[in-house]
Amino acid sequence: PRQPAKTLWYDRPRYVYLEFCVEDSRDVKVTIEDQRLVFSCKNADGVEFYNEIDLYARINSKDSREKRSDRSITCFMRKWKEKVAWPRITKENIKPAWLSVDFDNWRDWEGDEEVERAMVEQYAEV
């Protein structure tokens, strides 16, 4: 039985971030396309997780990546149109029960580009 992973998202001037909250993930597969993201993995108990998201707007899939940690898998996707706010992550104006805004990372954009660049560089180094 597959189930969606609890997912947090937040918006920045150049990137949109998604965090799939699965501890001790394995067999992680992330497919990032220009208008869609597909995520799947298993946890330590063998539970299968699967999320498919038709994205609100187009992204640059070539400049998007993911990073796995013990607690989650974070995807950062480069926006096609930078500095255009996304009111939601999904194409349809629906909010699945498994999807939430990451209010800890949501903030005003003013002066935020340096912070964002540092975050992306930190992810890229790993």
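**Figure 1. The hairpin of strand 5 and strand 6 in the predicted model.** We start at a turn: five residues lie between strand 5 and strand 6, which together form a hairpin. Look in that turn for Gly46, whose phi is positive at about 85°. On either side of the turn, the two strands pair in the antiparallel sense, and seven bridges link them. Two of the partners are worth finding by eye. Val38 has Glu52 of strand 6 as its bridge partner, and Leu37 has Ile53 of strand 6.

**Figure 2. The two faces of strand 6.** Which residues of strand 6 sit on its covered face, and which on its uncovered one? Phe49, Asn51 and Ile53 make up the covered face, while Glu48, Tyr50, Glu52 and Asp54 make up the uncovered one. In a regular strand, side chains alternate between the two faces of the sheet. Glu52, on the uncovered face, is the partner of Val38; Ile53, on the covered face, is the partner of Leu37.

**Figure 3. The open sheet of four strands.** Step back a little and strand 6 turns out to belong to a sheet with the order 1-6-5-4 and mixed pairing. Its edges are strand 1 (2-3) and strand 4, each of which pairs on one side only. Strand 1 runs parallel to strand 6, with two bridges joining them. At this junction, Arg2 has Glu48 of strand 6 as its bridge partner. The pairing of strand 5 with strand 6, by contrast, is antiparallel. Strands of a sheet pair through backbone hydrogen bonds, in either a parallel or an antiparallel way.

**Figure 4. The open sheet of five strands.** Here the order is 7-8-3-2-9, again with mixed pairing. Why do strand 7 (59-68) and strand 9 each have one side without a neighbour in the sheet? Both stand at the edges with a single partner strand, so one side of each is left free of a neighbour. On average, neighbouring strands of this sheet are turned by 20° against each other, direction ignored.

**Figure 5. Strand 7 and strand 8, joined by a hairpin.** Four residues connect these two strands in the hairpin. The strands run antiparallel and are joined by six bridges. Try tracing two of the pairs: Ile59 stands opposite Lys79 in strand 8, and Arg68 has Ile73 of strand 8 as its bridge partner.

**Figure 6. The largest nonpolar core, with Met77 in view.** This core has 22 residues, and those touching the most other members are Leu18, Phe20, Leu37, Phe39, Met77 and Ile89. At least two residues each come from strand 3 (15-20), strand 4 (26-32), strand 5 (36-42), strand 6 (48-54) and strand 8 (73-79). What does Met77 touch, leaving aside residues up to four places away in sequence? Its contacts are Arg14, Tyr15, Val16, Leu18, Ile32, Leu37, Leu55, Ile59, Ser64 and Ile89. Among them, Leu18, Leu37 and Ile89 also appear in the list of core residues that touch the most other members. In soluble globular proteins, nonpolar side chains tend to be buried together.

**Figure 7. Asp27 and Lys83, two residues with positive phi.** Most residues other than glycine have a negative phi. Asp27 has a positive one, near 50°, and is found in strand 4. With a relative accessible area of 45%, Asp27 falls below the 50% needed to be called exposed, so it counts as partly exposed. Lys83 is not a glycine either, yet its phi is positive at about 60°. Lys83 lies in the loop between strand 8 and strand 9 (99-101). Its relative accessible area is 54%, over the 50% cut-off, so Lys83 is exposed.

**Figure 8. Cys21 and Cys41 in a structure with zero disulfides.** Is each of these cysteines buried or partly exposed? Cys41 is buried because its relative accessible area of 3% is under 20%. Cys21, at 28% relative accessibility, counts as partly exposed. The structure holds zero disulfides.

**Figure 9. The whole chain, for orientation.** The protein chain has one helix and nine strands, following the pattern β-β-β-β-β-β-β-β-β-α along the sequence. Of its 126 residues, 40% are buried. Among contacts with a separation of 6 or more, 61% are between residues 24 or more positions apart. The accessible surface comes to about 7,400 Å², and carbon and sulfur atoms account for 45% of this area.

Technical notes:
Residues numbered from 1 in each chain as written. Predicted model: local features only at pLDDT ≥ 70, side-chain atom pairs only at ≥ 80, totals over all residues. Heavy atoms only, no water. Buried < 20%, exposed > 50% of the residue type's maximum accessible area, 1.4 Å probe, protein only. Contact = heavy atoms within 4.5 Å. Areas by Shrake-Rupley, 256 points an atom, 1.4 Å probe, with all protein chains shown as cover. Disulfide = S-S within 2.5 Å. Core = buried A, V, L, I, M, F, W, Y, C linked by side-chain atoms within 4.5 Å. Pairing = 2+ DSSP bridges. Axes fitted to C-alpha atoms, helices over the stretch in contact; angles between N-to-C directions.
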